[in-house]
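Trainee: I'm new to this one. Please take a close look at one part with me, starting from a single residue and then going wherever it leads.

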Amino acid sequence: MTDRAETWVAGLATAREHNAPENLSDLLVRLARTTDRKVTIRDIAIALQDRSFGAFLLVFALPNLVPMPPGATFILGLPLIFVAWQMMASPGGRVFFPRVVSDYGVEPQTFEAIVRRLVPWMRWAEKLVVPRFWLFESRFAERLIGVFALILAIVVFLPIPLGNWPPAFALAVLGFAHSQRDGLGVVAGCAIGVLSLAVAGFVVYTAVAVVSLVI
């Protein structure tokens, strides 16, 4: 009986640890302690495991929120499409990059400096985005999120005036919430995504209507 109780307690502790994963800020701080070699993209993906989809969606969505010259989304949108497609189609539980990308790394001192700048902002955000209502545990549910993320990433990639920022913001929210196991945040990201698709559709419809009137 005692053995069964101990097994049950151990299983409960494991479940709690899984439902309350390590914060991204803490994970980055832990990686920053690596001092004997470069910190590569592969190291980050392996450390994140099944949370790497959301984390890399966030990483690649953020540059699209900064004002850029026209046409910049053709470059900045491609990594989003790649990660979203992997989230939808990858047989594994994490993002897999080509070797030339996975091997890219920065010196420990540089990585530590980057982390030092990011962590205060991330810890503030982690007070709002916390593990809760996580209903997307299965790979099937994750693939469905991936399908929606892929649609948003394609819209970010397309040259739609004023139509790229909203889906990029939705992907940032969706990615951060996914990496934090925040089910409520994922739902909010999807809702923002639906609104952003409506905005993009309205912009395209208006542009076609104006062109048709001119012609």
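Does Phe-133 count as buried or exposed?

Mentor: Phe-133 counts as exposed, because its relative accessibility is 61% (exposed is over 50%, buried under 20% and partly exposed in between, with a 1.4 Å probe and protein chains only). Before going on, bear in mind that this is a predicted model, where local features need pLDDT of at least 70, side-chain atom pairs count only at pLDDT 80 or more, and totals for chains, interfaces and linings use all residues. Numbering runs from 1 along each chain as its sequence is written, and side-chain values use heavy atoms, with hydrogens and water left out.

Now, where is Phe-133? Look in the loop between α7 and α8 (139–157) (helices, H or I with at least four residues, and strands, E with at least two, are DSSP runs numbered from the N terminus). The backbone there has something to show you: phi of Phe-133 is near 45°, a positive value in a residue other than glycine.

Arg-181 makes a nice partner for it. Its phi, near 60°, is also a positive value in a residue other than glycine, and Arg-181 sits in a loop too, the one between α9 and α10. Burial is where the story turns: Arg-181 counts as buried, because its relative accessibility is 4%.

Another loop residue is worth a stop. Asn-64 lies between α4 and α5 (73–89), and at 8% relative accessibility it counts as buried. Follow its side chain and you'll find that it reaches the backbone oxygen of Phe-60 at 2.9 Å. Setting aside neighbours within four places in sequence, Asn-64 is in contact (heavy atoms within 4.5 Å) with Thr-73, Leu-76, Gly-77, Leu-80, Val-156, Trp-165 and Ala-168.

From loops, let's hop to a helix. In α2, which spans residues 24–32, the buried residues are Leu-24, Ser-25, Leu-27, Leu-28, Leu-31 and Ala-32. Peer down the axis of α2 and these buried residues fall within an arc of 160°, so they line one face of the helix (the arc is taken from the directions from the helix axis to the C-beta atoms). There's a simple rule behind this sort of pattern: an α-helix has 3.6 residues a turn, so residues three or four places apart point the same way.

And what lies over those buried residues of α2? The cover includes the strand β1 (39–40) along with α3 (41–48), α4 (52–61), α7 (108–126) and α9 (165–179).

Technical notes:
Polar contact = N/O pair within 3.5 Å; in protein donor to acceptor, adjacent residues only side chain to side chain.
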